[in-house]
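Q: Please take a close look at one part of this structure: a small region where strands and helices meet. Walk me through how its pieces are arranged.

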Amino acid sequence: MQQFSGAHTPSRIQIPQRLYGRDTHVATLLQGFERVAQGSRPELILVRGYSGIGKSSVVYALQEPVMRRHGFFLSGKADQFQRDIPYATLAQALGGLTQQLLAGPDAQLARWRERLREAWGEQGQVLVDVVPQLERVVGRQPAVPELPPGESQHRFHRLFQKFLGVFATPEHPLAVFLDDLQWADLASLRLIQHLLTHPDTPPLLVIGAYRDNEVSPSHALALALTELHKAGVRMTDVRLEPLSREHSQELVTDSLPGASGNMVGPLSALAHEKTGGNPFFLTQFMLTLHHDGLLTWTPEGGWRWDAAGVRAKDYSDNVADFMVSRLRQLPVRTQHLLQLAACVGNAFPRQLLVILSGTEPGEVEAGLEEALEEGLLVHDGPERCRFLHDRIQQAAHELIPEQERKAVHLRIGRLMLASLSPEEIREKIFDVVGQLNAGVELISDAGERHRVARLNAEAGWKARASTAFRSAANFFRSAFTLIPGEPWETDPHLAFKLQLDRAHSEFMSGNAAEARRLVEELRPRARSRADLAAVYRLESELLLAANEIQGAKACLLEALDRLGMPLPPTPSRAEVVAANEEVWALLGERPIEQLIELPLMTDPDMKAVMDVLAALFTPAIFTDENLLILHLCRMASLSLQHGNTEASVHGYGWYGMVQGAIFKRYREGHAFGVLARELVERHGFSAARGRALYALELTSYWTRHLSLALEIVLDAFHQALQGGDFQVACYCSNHIVTNRLVLGHPLEEVYQESVARLDFARQSGFQAVQDVILHSQSYVQQLRGLSRSFDSMSREGFDEEAFEAGLTIHHMSTMRCWYWLLKMQSRFMCGDYARALEAGDQAAELHLGVARPYPTAELPPVPGPVPGGLLPGGGAPGATAVPRRHVAAPAAARGVGGPLSRELPRPRADGLRRASAASPAAWRRRSGPTRRPSTPLGRTASSRMSASPTSWPRGSGASVRSLPSPTPMPGRPARPI
């Protein structure tokens, strides 16, 4: 025995709260927080190491400095037994934030409430579904429209960013600690990845802790971190190593105040050897020695320890086994309570243990007190406790035999169902289902299994609504297998919906092969037209995602045939004309504006047809102009005959587009665009608002000034963004840049606009839109004198020759067409008319190709003078548009509503070719009558080029303004990309 004496020293081991050997790690965290607090970009700090190495303790050392800066320190912890609950870790962190807000003064809470409402608009329910406690802060939120999966995901991510932006400010820096990321659900990992890579995310510090020895290269966390590295996210890696012998001795010394070095030295050496310098294991080892009487406080007032007795005990070197053996030494009632608590979760309410154990509250309190005194549990609020460490929860869970463990989980689930109200069950659906599923093998009653199936379905729908598609697919799969007997016979309606929703979720979580398999299984089991339409629409989405455009077209045409609304795969022009005439015959003498008064469509079969027709839009764009027009005519006709539906918004808007582009009914086309917008407002079709405004912008080119089109497309962008429709938001981004250029806004402003819009398109992943905006940006820089030379758009970040060398038919034809149009303008502006004509011919070929996105062939206006005779009617003084080519069908197909000649009109073609052979000076002399008077600098872009047609002033970035265009002439507007 070895002992020491000391006056006024405690008789129990006191585990110190300070850190040992972690100063540099804490300093790294503080430095990261200071960078973020100064308003820089988001940052990720990863703290990794073995279980018990002290990761959480190091991170929590940051909490006090954050609070001193009036910042927010949020923390959430993944649970090893609840890995399928979507966003559980983030929801826990945000739940803690709501508690902080609710604890503040009422006036301060009111300010936060107002800021959140401003940030969310009317879509706060999206986040309230994930973090129900938020409702206590912002009040009840209006229901939000259901969106397609992809758009729903964009909406969720955007709202989460806006939520963080309310709190992550220079006045209130925000740090979010996510513990045990090795157990985080996939939805949380993807959201973290999005937040750290998206430019609109406010500055925040994300700190993630994980056990690196449990994360293999194929682990979801490892894959996510690899992607973050590739994206250039600022990441700091902090790896915690075991304590050194010196730090272990320091910890033991501080745990035994007044102990002499003669005693502490050997004891700490043995403890370090046994625990490998793991801080958690080391402290638990010390507490166990004290509990077992091998490290005691003597009546004489000193510590003593029995080295021989410690070695004779043969304690396990494995921390998990060690903790199990330690728990077995507790009183039976305490062991039982800890076992129940481990099944509930890392943290648990005491009252729940009273219910589960069936004992008196006093007995429960006494049993928990034993665990609290032993340092196995800590208080987590007035009526809650939590396990000090995951290893303790894991050990308590392992004390229960597996079959009995299932029975405990099932009992917990049943008690939750019995004690919670329906609203509370919906709020805690993931917890309830998690408990029931853990013991589902013990459920033999068919009725109960059916109920659990429906609960799993509800969990799946909630997970899908929050874009946690992997979790949703798992819930749907469990629900299907739980339907008693043969699911397709017991509950065919639920079985079909589960498999269809699972297929959607598998697709959105990257498992397209499984989604296709499910579609094949579902097609013969569709019992209604609505079901049949839903299956075919999903199949077409899968085919489009695989770039099988013809397959998607054939799929939807097959669906229409089975629904009793067949369409020819390659309609003739005569069929298109007949379908259009049918629409006007149905309209009769009614003004287009009156169609807003049509009743809503009630026939579910007709709604199914409209949904399939709407889905046909994208395949038709890329394959057949006549099919595009024909299917839009059908949508308009069905709306006139059967009433309006949400799909009518799409039908009316794009039917208006073809009225102007193809049939030359410009005012009528614009009226249909207005009708689509009004239909959204009348019936609250908010999910379609962005698309309706986008179509209205396109139709407004013909009858309104371009400045109005710019206003509309700016609104369309914000509405599409709010609705999660990132595809339309990207198309709007391109139009915003182009419209500003043509309107004559200062080129510096147009350039800055293009920078912002290009960044948005890149983050959204739409490559074709990125290319178009990049080309416009390069053209603007050429006009500003910031390209490499006068006769090229090449500059830093864009090389004409390299780009053209890489162009293939696999690139979107609209993007290629747009590029050649811009190159035509570029060459025209620098006097290279021959190459301008070549570029124009390239564009014309793409306009005439079958697989073009929109039936339009307008060459956009060029800022600068145009030679006389090239504008229809010879042009007018000051006019600034380039030649317009009118696409036309062969002679046999003429009479569709306007000239559709496939040739450049001969007088204009000859004029451009003659101009290309002449000198720039001769060109300017001939074109003098149509040129704007020159102005002092900022001179116009055209006057600068007239002064120097062969070279740019290097480095010139003067604020040259692009010339305003005249009121748009009737014709075909620029394509939507």
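A: Start with a strand pair in this predicted model. β9 is joined to β11, residues 384-387, by 3 bridges. The two strands run antiparallel. Within this pair, Pro349 stands opposite Arg384 of β11.

Now add the helix. α17 covers residues 350-357 and packs on the sheet. The helix touches β9, β10 and β11. Its direction makes about 70° with that of β9.

The sheet itself is open and has 3 strands. Their order is β9-β11-β10, and the pairing is antiparallel. β9 (347-349) and β10 (377-379) are the edge strands. Each has a single partner strand, so one side of each has no neighbour in the sheet. From one strand to the next, the twist averages 30°.

Next comes the neighbouring helix pair. Two packed helices are described by the angle between their axes and the distance between the axes. For α16 (residues 332-344) and α17, the axes come within 10 Å. They cross at roughly 115°. The crossing is right-handed.

The residues at this contact can be listed side by side. From α16 come Leu337, Leu340, Ala341 and Val344. They meet Leu352, Leu353, Leu356 and Ser357 of α17. By class, the contact has 7 nonpolar residues and 1 polar residue. No charged residues take part. α17 thus has contacts with β9, β10 and β11, and also with α16.

For context, turn to the nonpolar cores. In soluble globular proteins, nonpolar side chains tend to be buried together. The largest nonpolar core here has 155 residues. Phe163 and Leu295 touch the most other members of that core. Leaving out residues up to four places away in sequence, Phe163 touches Leu94, Leu97, Leu116, Trp120, Leu127 and Leu134. A second, separate core has 123 residues. Trp584, Ala647, Phe726 and Phe760 are included in that second core.

One more site is worth a look. Asn739 lies in helix α37, residues 726-742. Its relative accessibility is 4%, so Asn739 counts as buried; the cut-off for buried is under 20%. Beyond residues up to four places away in sequence, Asn739 touches Glu697, Tyr701, Leu706, Ala709, Leu710 and Val713.

Methods. Residues are numbered from 1 along each chain as its sequence is written. This is a predicted model: local features need pLDDT of at least 70, side-chain atom pairs count only at pLDDT 80 or more; totals for chains, interfaces and linings use all residues. Side-chain values use heavy atoms; hydrogens and water are left out. Two strands pair if DSSP finds at least two bridges between them. Helices (H or I, at least four residues) and strands (E, at least two) are DSSP runs, numbered from the N terminus. Axes are lines fitted to C-alpha atoms, for helices over the stretch in contact, and angles run from 0 to 180 degrees between N-to-C directions. Contact means heavy atoms within 4.5 Å. Buried means under 20% relative accessible area, exposed over 50%, partly exposed in between (1.4 Å probe, protein chains only). A crossing is left-handed if the near helix is turned anticlockwise from the far one by less than a right angle, and right-handed if clockwise. Ala, Val, Leu, Ile, Met, Phe, Trp, Tyr, Cys and Pro count as nonpolar, Asp, Glu, Lys and Arg as charged, and the others, Gly among them, as polar. A nonpolar core is a set of buried Ala, Val, Leu, Ile, Met, Phe, Trp, Tyr and Cys residues joined through side-chain atoms within 4.5 Å.
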